[in-house]
Amino acid sequence: RNFIKMIPAACAGLAIAPALFAAPATVSESDPAAAALNYKANAKAVKSPKYAAGQACKNCNFYQGATGSANGPCPLFAGKLVSSNGWCSAYAKKA
Ligand code: SF4
């Protein structure tokens, strides 16, 4: 009897688990940290004198996403993902 009572509790625990393993959210351009660094999800939309054509997160030294990934982690935006085609003013060409 006690075992049967425990089943719904165990199921509730399993329902919460996927949320813990879900991929982090992508950085919003309106995020204060993103706005401070002039981050744009599409590098081509950048209007900054520091930006040069061809620069994008995917070829930035800070980008930690796998090659060919749509987005990936960047230590400047801890806990969030940046677009591989994004750009921010901390861009540093991959060595
Ligand atoms: Fe993209 Fe590099 Fe800026 Fe991170 S530091 S958001 S990888 S340009």
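Visitor: Ser 83, buried or exposed?
Guide: Buried, going by this predicted model: its relative accessible area is 16%, and the cut-off for buried is under 20%.

Visitor: Okay, and where does Ser 83 lie?
Guide: Ser 83 is part of strand S2, which covers residues 81-83.

Visitor: What is Ser 83 in contact with, leaving aside neighbours within four places in sequence?
Guide: Tyr 39, Ala 41, Cys 57, Ala 70 and Asn 71.

Visitor: Let's move along the chain. Where is Gly 86?
Guide: You'll find Gly 86 in the segment after S2.

Visitor: And is Gly 86 buried or exposed?
Guide: Gly 86 is buried, with a relative accessible area of 0%.

Visitor: So which residues is Gly 86 in contact with, neighbours within four places aside?
Guide: The list is Tyr 39, Lys 40, Ala 41, Asn 42, Ala 43, Ala 56 and Cys 57.

Visitor: Asn 42 is in there. How far apart in space are Gly 86 and Asn 42?
Guide: Their C-alpha atoms are 4.7 Å apart, while 44 residues separate the two in sequence.

Visitor: Tell me about Asn 42, then. Where is its place?
Guide: Asn 42 belongs to the loop that runs between helix H2 (32-36) and strand S1 (71-73).

Visitor: Why does Asn 42 count as partly exposed?
Guide: Because its relative accessible area is 41%, and partly exposed covers what falls between the 20% and 50% cut-offs.

Visitor: What is Asn 42 in contact with, besides its neighbours within four places in sequence?
Guide: Glu 29, Asn 85 and Gly 86. As for Ala 56, its C-alpha is 8.3 Å from that of Asn 42, and the two are 14 residues apart along the chain.

Visitor: Switching topic: what surrounds the ligand?
Guide: Around the ligand are Cys 57, Cys 60, Phe 62, Tyr 63, Cys 74, Phe 77, Val 82, Trp 87, Cys 88 and Tyr 91.

Visitor: How do the residues of that shell divide, nonpolar, polar or charged?
Guide: Ten are nonpolar, with no polar and no charged residues in the shell.

Visitor: And what about the space taken by the ligand?
Guide: That space is the largest cavity.

Visitor: Now the whole chain. How do its elements run from the N terminus on?
Guide: The order is α-α-β-β, which comes to two helices and two strands.

Visitor: How many of the residues count as buried?
Guide: Out of 95 residues in the chain, 26% do.

Visitor: What about the area the chain exposes?
Guide: About 6,400 Å², with carbon and sulfur atoms supplying 64% of it.

Notes
Residues numbered from 1 in each chain as written. Predicted model: local features only at pLDDT ≥ 70, side-chain atom pairs only at ≥ 80, totals over all residues. Heavy atoms only, no water. Near = heavy atom within 4 Å. 1 Å grid on protein atoms, 1.4 Å probe; cavity = no way out; pocket = protein on both sides within 12 Å on 5 of 7 lines; lining within 4 Å. Sits in = over half its atoms within 2 Å of the grid points. Nonpolar A, V, L, I, M, F, W, Y, C, P; charged D, E, K, R; others polar. Helix = DSSP H or I, 4+ residues; strand = E, 2+ residues; numbered from the N terminus. Buried < 20%, exposed > 50% of the residue type's maximum accessible area, 1.4 Å probe, protein only. Areas by Shrake-Rupley, 256 points an atom, 1.4 Å probe, with all protein chains shown as cover. Contact = heavy atoms within 4.5 Å.
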